[in-house]
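Biologist: I would like to learn how to read a protein model feature by feature. Could you take me through one slowly, giving the general idea before each case?

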Amino acid sequence: MTIDRTLIETPVRIGTRGSDLAMWQTNHVAGLLRQHFGPELTIEIVRVVTEGDRVQDRPLHEIGGKGLFVKGIEEKLLANEVDLAVHSMKDLPALSPAGLEIACTPPREDPRDALVGPAGATMSLASLPAGTRVGTGSLRRGALVRRINPHVELVPLRGNVPTRVGRVDAGDVDVVLLAAAGLRRLGMGGRISELLAADPFCPAPAQGILALQCRADDERMKALLRPLEHGPTAIMAAAERAFLQRLQAGCTVPVGCHAELSDDGRVTVTGLVIDPSGDPIYVDQREGEVARAAELGTQVAETLLSRGADRIVSGV
């Protein structure tokens with residue numbers, strides 16, 4: 001492969017949070033870039049402390065939502081202090097700020113949620129005994145737990161992945177719910193007691209997908225990212241992000257969306273909106289050609305809104 005030398009003449013500055021998972025994701029992307037462009041490409045990692053990192057004593061939905069984990073990094077992108085941001089796509093608001101764009105989506109990790117219990121334990125969310133303390137900071141996960149096993153006790157939980165798993169080991173909670181992707185990326189997949197099927201435990205939109213964000217006018221960065229793009233992941237992201245954009249739901253609304261690709265070039269999009277209490281729940285599913293992925297995601301959202309989910313979204 002012939003490399004355009006102008007692409008590697010200056011360093012790539014990557015902005016990231018300092019958590020274990022954020023650093024893994026950033027180093028993973030840095031490694032992919034070096035695989036394609038060689039060790040001559042200099043990469044500088046810039047750690048950014050976001051508002052979501054600073055405030056740890058309240059649930060995310062009370063302090064502004066997951067967007068608090070990305071705003072500080074996006075500000076540095078817009079100020080030309082970094083060239084690239086590596087986000088968990090599920091943390092991004094439905095729309096990027098003017099001047100920025102998601103330029104690349106590498107291959108997706110497992111999108112499912114996982115139940116984590118004591119080391120070596122195999123258990124089922126549905127069969128947990130009454131009173132079991134289930135740690136989660138997610139309104140969506142909490143609402144779905146209430147439908148599947150209403151007899152457990154939900155315990156609000158914040159912190160990075162190792163911290164939350166550590167709460168189980170310390171006996172503060174009996175189990176926690178986390179994204180399987182984060183556990184696998186940190187080499188903690190062995191702690192998974194149960195992988196929760198997307199039906200009925202629908203994941204968050206874009207869970208397991210990395211969003212590589214840069215300035216919209218940065219053609220050099222887009223060229224560097226082009227070899228990292230994964231077409232099937234981009235299709236799933238388009239469907240799930242379109243669902244989220246059409247809902248225009250804030251961080252206080254539990255929503256899920258999951259897109260699956262088939263071998264014959266079609267995509268199935270499932271979406272849900274659920275009241276934080278677990279009832280009511282609105283679910284819809286559409287299937288069609290992959291070229292219509294975003295359209296299908298939008299249609300699922302519109303169907304849910306027309307059936308009554310608009311009352312949950314608007315907080316009525």
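**Cysteines, salt bridges and the backbone**

Modeller: Let us start with cysteines, keeping in mind that this is a predicted model. A search through the whole structure turns up 0 disulfides. Cys202, for example, takes part in no disulfide, and the nearest cysteine sulfur, which belongs to Cys257, lies 6.2 Å away.

Biologist: How far is the sulfur of Cys214 from the closest cysteine sulfur, and why is there no bond?

Modeller: The general idea is that two cysteine sulfur atoms count as a disulfide when they are within 2.5 Å. For Cys214 the closest cysteine sulfur is in Cys104, at 9.4 Å, and there is no bond because that is too far.

Biologist: Is Cys214 buried or exposed, and how does Cys202 count?

Modeller: A residue is called buried when its relative accessible area is under 20%. Cys214 has a relative accessible area of 0%, so it is buried, and Cys202, at 2% relative accessibility, counts as buried too.

Biologist: Let me turn to charged residues, then. How many salt bridges does the structure hold?

Modeller: In general, side chains of opposite charge can pair when their charged atoms come close. This structure holds 21 salt bridges. In one of them the side chains of Glu240 and Arg108 meet, with 3.0 Å from N to O. This pair links distant parts of the chain, as Glu240 belongs to helix H9 (residues 231-247) while Arg108 sits in the loop between strand E4 (100-104) and strand E5 (113-116), 132 residues apart.

Biologist: Are Glu240 and Arg108 buried or exposed?

Modeller: Glu240 has a relative accessible area of 0% and is therefore buried, and Arg108, at 15% relative accessibility, also counts as buried.

Biologist: Which residue does Asp110 meet in a salt bridge?

Modeller: The side chain of Asp110 meets that of Arg184, at 3.4 Å from N to O. Here again the pair links distant parts of the chain, with Asp110 in the loop between E4 and E5 and Arg184 in helix H7 (residues 180-185), 74 residues apart. The two partners are classed in separate ways: Asp110 counts as buried at 11% relative accessibility, whereas Arg184 counts as partly exposed at 33%.

Biologist: Which residues are linked in a network of salt bridges?

Modeller: Arg13, Asp83, Arg215 and Asp218 are linked in such a network. Within this group, Asp218 forms a salt bridge with Arg215, and the closest N and O atoms of the two are 3.5 Å apart. Both Asp218 and Arg215 are buried.

Biologist: Now I would like to read a helix. Which residues of helix H4 are buried, and what covers them?

Modeller: A useful way to read a helix is to ask which of its residues are buried and then to look at what lies over them. In helix H4 (residues 71-78), the buried residues are Gly72, Ile73, Glu74 and Leu77. Among the elements that cover them are strand E1 (12-16), strand E3 (84-88), E4 and strand E10 (210-215).

Biologist: And which residues are buried in helix H5?

Modeller: In helix H5 (residues 139-148), the buried residues are Arg140, Arg141, Gly142, Ala143, Leu144 and Val145. At the start of H5, a side-chain oxygen of Ser138 reaches to within 3.3 Å of the backbone nitrogen of Arg140.

Biologist: What should I look for in the backbone angles, beginning with the residue that follows H4?

Modeller: One sign to look for is a positive phi in a residue that is not a glycine. Asn80, which follows H4, is not a glycine, and yet its phi is positive, about 60 degrees. Asn80 is found in the loop between H4 and E3, and with a relative accessible area of 42% it is partly exposed. Ala206, likewise not a glycine, has a positive phi of about 70 degrees. Ala206 has its place in the loop between E9 and E10, and it is buried, with a relative accessible area of 1%.

Biologist: Where are the cis peptide bonds that you would show me?

Modeller: The angle to read here is omega. The peptide bond from Asp199 to Pro200 is cis, with omega near 25 degrees, and Pro200 lies in the loop between strand E9 (192-196) and E10. Another cis peptide bond joins Asp279 and Pro280, where omega is about 10 degrees. Pro280 is in the loop between strand E12 (266-274) and strand E13 (281-289).

Notes. Residues are numbered from 1 along each chain as its sequence is written. This is a predicted model: local features need pLDDT of at least 70, side-chain atom pairs count only at pLDDT 80 or more; totals for chains, interfaces and linings use all residues. Side-chain values use heavy atoms; hydrogens and water are left out. Buried means under 20% relative accessible area, exposed over 50%, partly exposed in between (1.4 Å probe, protein chains only). A salt bridge is a side-chain nitrogen of Lys or Arg within 4 Å of a carboxyl oxygen of Asp or Glu. Helices (H or I, at least four residues) and strands (E, at least two) are DSSP runs, numbered from the N terminus. A polar contact is a pair of N or O atoms within 3.5 Å; within protein, one must be able to donate a hydrogen and the other to accept it, and residues adjacent in sequence count only if both atoms are side-chain atoms. Contact means heavy atoms within 4.5 Å.
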